[in-house]
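Please have the sequence and the coordinates open side by side while reading. The paragraphs below are meant to be followed with the model in view.

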Number of protein chains: 2
Amino acid sequence: MADLLSVAKLAGVSRATAARAFSTPDLVRDTTREKIFHAAQQLAFRPNKVAQQLRLKATQMIGVMVPSLDNPVFAEQLQAMEVAARACGYSLIVTTSEYDASRENDIVEEMLRQRVDGLVLTVAEADKSAVLTQLHQETTPCLLVYNPPGNSGFPSVGVDNQAASEAATRYLITLGHQQIGMVAGPLLQSDRARQRYEGYCLAMQAAGLAPCPLIEMPRHTQADLKSLAPHLHGDNAISALICTNDLLAISLIGELQRAGLSVPDDLSVMGFDGIALGKYVYPSLCTVEQPRADIGRAAIHTMLNMIRGERPVLTPLPYVLRKGESVGAPTTRKTPSGISSRSIA
Amino acid sequence: MADLLSVAKLAGVSRATAARAFSTPDLVRDTTREKIFHAAQQLAFRPNKVAQQLRLKATQMIGVMVPSLDNPVFAEQLQAMEVAARACGYSLIVTTSEYDASRENDIVEEMLRQRVDGLVLTVAEADKSAVLTQLHQETTPCLLVYNPPGNSGFPSVGVDNQAASEAATRYLITLGHQQIGMVAGPLLQSDRARQRYEGYCLAMQAAGLAPCPLIEMPRHTQADLKSLAPHLHGDNAISALICTNDLLAISLIGELQRAGLSVPDDLSVMGFDGIALGKYVYPSLCTVEQPRADIGRAAIHTMLNMIRGERPVLTPLPYVLRKGESVGAPTTRKTPSGISSRSIA
DNA sequence: CTAATTAATGAGATCGATCTCATTTCACCG
DNA sequence: CGGTGAAATGAGATCGATCTCATTAATTAG
């Protein structure tokens with residue numbers, strides 16, 4: 001591959017001049033600039049970014065880590081980040097942690113070796129994260145996405161999960177629901193899910209209602225009706241359910257329908273995140289929409305500011321309560337119909 | 001940031017020895033190696049990959065371009081690629097073309113400047129792609145994913161779209177369907193969609209049935225019932241529909257249900273791709289599953305072979321016909337019930 | 001105990017750009 | 001036409017690693 005020096009030789013100038021022709025064309029006489037460009041053309045010269053990066057001590061690359069791209073929330077956010085970064089001349093190195101702390105460590109270390117100009121991370125648990133405490137020693141700017149600001153000590157872009165969850169719960173209460181449950185993935189692994197549960201509890205208490213214990217599903221993004229069945233019967237049978245993410249909600253609705261139950265007649269189901277597909281399924285998903293694209297864009301622009309050395313200004317992004325067919329007013333009967341309960345058992 | 005030279009100084013050795021301590025520890029005496037490691041520790045030395053890349057003329061980075069991460073097919077494939085690449089010590093630069101040819105050009109050029117060791121691309125139209133014809137001049141290895149091998153001249157990883165589509169169509173025919181339609185995004189933009197349509201036509205003809213003209217939806221991943229309505233009535237009313245991707249299928253099913261139609265009783269709907277969510281919705285999606293994770297892994301491993309200078313060996317990956325509740329045998333009546341047709345109009 | 005071998009280390013070039021600073025070229029003016 | 005200041009160019013150092021080749025230190029053999 002032709003380098004700048006060979007271009008310079010062919011054009012009959014020094015490499016300094018050749019370099020200037022590209023970086024600061026104004027400093028080069030028109031005629032020589034032409035000669036240089038012509039030579040570059042002939043040799044199919046393509047500037048070597050690696051050499052630039054070494055010399056300039058800046059890579060114009062941002063390291064991104066998300067838990068998994070199998071969840072559309074992260075994929076859609078990443079899509080927006082990529083477009084925003086590219087528009088500003090930056091590239092993304094994309095990695096997935098698979099919610100694994102040791103992988104998180106390796107990934108961040110690798111990105112620091114690569115000398116990314118900044119890190120945009122979504123970690124499993126911001127407060128307990130070993131990577132993050134390590135990162136405080138480093139000079140590379142670091143920004144969290146989705147993770148609540150909390151006491152990790154790093155700036156964070158995202159919506160106020162607790163407030164959003166409160167709003168969602170209040171919405172259900174407004175519709176007349178009193179027995180409202182919340183469903184999450186296993187072990188309440190992510191700090192986001194925990195905050196959402198807290199918001200739910202707060203809203204319930206504020207309305208004088210008793211929050212139910214969290215219903216845990218065996219997997220993050222796939223509902224399991226067995227874990228839910230006990231809560232659908234008896235005096236305390238729930239009439240509405242909030243899921244900590246949309247995938248969980250959609251698969252739960254599917255399971256309920258498969259069992260012969262009607263959503264929202266037998267049970268109202270609400271999601272969280274607002275993935276695009278939720279609008280298209282039937283019943284359409286009622287959910288709290290996080291502005292994923294806005295979050296992605298904001299993350300990139302905030303990061304670019306940090307790279308420039310500015311202190312990040314963070315305005316929490318607004319969530320939107322998206323109404324949908326999966327939520328309705330509670331029906332009078334306390335328990336689902338015979339058919340329904342039979343098919344669950 | 002401490003560099004190797006300062007580590008060498010602190011350890012009292014030359015940079016050559018310091019470098020060897022890391023790259024080829026066996027060539028360094030135990031005691032000096034210890035001294036060097038200790039010095040590195042003290043200075044919090046972290047090797048600079050950029051410098052390595054320049055010197056070694058290899059970046060251990062693979063450039064990946066997909067149309068959009070909003071489509072789970074690409075996101076899930078990327079997830080697998082990332083894991084596979086990392087396991088082999090490679091990083092991914094991820095970009096999205098948004099099906100835009102000029103963006104495709106910019107992206108590839110940028111990646112070549114970055115001196116990625118290889119390119120893994122999914123382009124809109126492999127045969128007409130300007131980027132690809134340009135790329136033939138280059139020495140950087142390039143591999144296509146999902147794009148049919150065709151006459152682009154580049155190796156390609158993916159399933160045989162046409163055969164898969166034939167199989168899907170045959171499955172519907174076996175169930176007794178005779179009036180089968182196919183739905184695609186706008187303008188049959190992607191070569192994949194076109195191949196799938198061809199497969200459908202072949203299977204129909206082989207069974208002595210007349211293929212219907214393609215039904216085009218205004219958007220790639222969102223169904224629109226109006227475009228479909230004409231085909232649901234009259235003597236030639238279709239009883240089954242194949243969509244060129246799962247998102248289209250899922251949103252179509254939602255729309256049909258919303259209009260009071262039953263899937264599969266009034267209309268069987270089949271998808272294509274096999275995204276994870278399809279298993280969880282109700283009715284569960286009958287689809288042709290592309291082994292996205294396998295494709296991702298295979299793409300990375302093939303690319304690594306190409307980087308090593310080997311000629312790629314390509315075995316087309318097997319698709320799986322995933323049965324689901326969205327497809328059933330055709331009902332006797334030729335047209336949907338009165339209620340249904342009313343609610344469509 | 002010295003010569004021959006092998007192991008360990010060091011000096012310096014190299015990858016491909018950019019930047020500083022010195023030098024040359026040019027234009028303009030008295 | 002020579003002098004002056006600005007514009008254009010060049011020489012060489014630099015970024016942080018690796019690699020070749022020469023040199024020195026340690027081992028082994030005789």
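What follows goes from the DNA-facing surface to individual residues and one helix.

This is a predicted model, in which local features need pLDDT of at least 70 and side-chain atom pairs count only at pLDDT 80 or more, while totals for chains, interfaces and linings use all residues. Residues are numbered from 1 along each chain as its sequence is written, chains are lettered from A and ligands numbered from 1 in the order in which they are written, and side-chain values use heavy atoms, with hydrogens and water left out.

We begin with DNA strand D. Of the 28 residues around this strand, those that come nearest are Ser14(A), Thr17(A), Lys57(A), Leu4(B) and Arg55(B), where a residue is near a molecule or strand if one of its heavy atoms lies within 4 Å of it. By class, this surface has twelve nonpolar, six polar and ten charged residues; Ala, Val, Leu, Ile, Met, Phe, Trp, Tyr, Cys and Pro count as nonpolar, Asp, Glu, Lys and Arg as charged, and the others, Gly among them, as polar. On the DNA side, 62% of the strand D atoms within 4 Å of the protein belong to sugar or phosphate, and the rest to bases.

Some individual pairs can be picked out here. A polar side-chain atom of Lys57(A) lies 2.5 Å from a phosphate oxygen of DNA strand D, and a polar side-chain atom of Thr32(A) is 3.0 Å from a phosphate oxygen of that strand, whereas the side chain of Arg55(A) places an N or O atom 2.9 Å from a base oxygen. The elements giving two or more residues to this surface are α2 (15-23) and α4 (49-56) of chain A together with α2 (15-23) and α4 (49-56) of chain B; helices (H or I, at least four residues) and strands (E, at least two) are DSSP runs, numbered from the N terminus. An unreviewed UniProt entry lists residues 1-56 of chain A as "domain: HTH lacI-type", an annotation that may be inferred rather than shown by experiment. That span is 70% helix and 0% strand, and its end C-alpha atoms lie 21 Å apart.

Next come two residues of chain B that touch chain A. Thr95(B), in strand β2 (residues 91-96), counts as buried because its relative accessibility is 0%, buried meaning under 20% relative accessible area, exposed over 50% and partly exposed in between (1.4 Å probe, protein chains only). Leaving aside neighbours within four places in sequence, Thr95(B) is in contact with residues including Glu82(A), Arg86(A) and Val64(B), contact meaning heavy atoms within 4.5 Å. Gly254(B), found in helix α11 (residues 246-258), is buried, with a relative accessible area of 1%, and beyond its neighbours within four places in sequence it is in contact with Tyr280(A), Val281(A) and Tyr282(A).

Helix α8 (residues 161-174) of chain B has 14 residues and reaches 20 Å from its first C-alpha to its last, close to the 20 Å expected at 1.5 Å a residue, a span reckoned as 1.5 Å times one less than the number of residues. Its buried residues, among them Ala164(B), Ala168(B) and Leu172(B), pack against elements of chain B including β6 (180-184) and α9 (191-206). Just after this helix, Gly176(B) takes a positive phi of about 110°.

How values were computed. A polar contact is a pair of N or O atoms within 3.5 Å; within protein, one must be able to donate a hydrogen and the other to accept it, and residues adjacent in sequence count only if both atoms are side-chain atoms.
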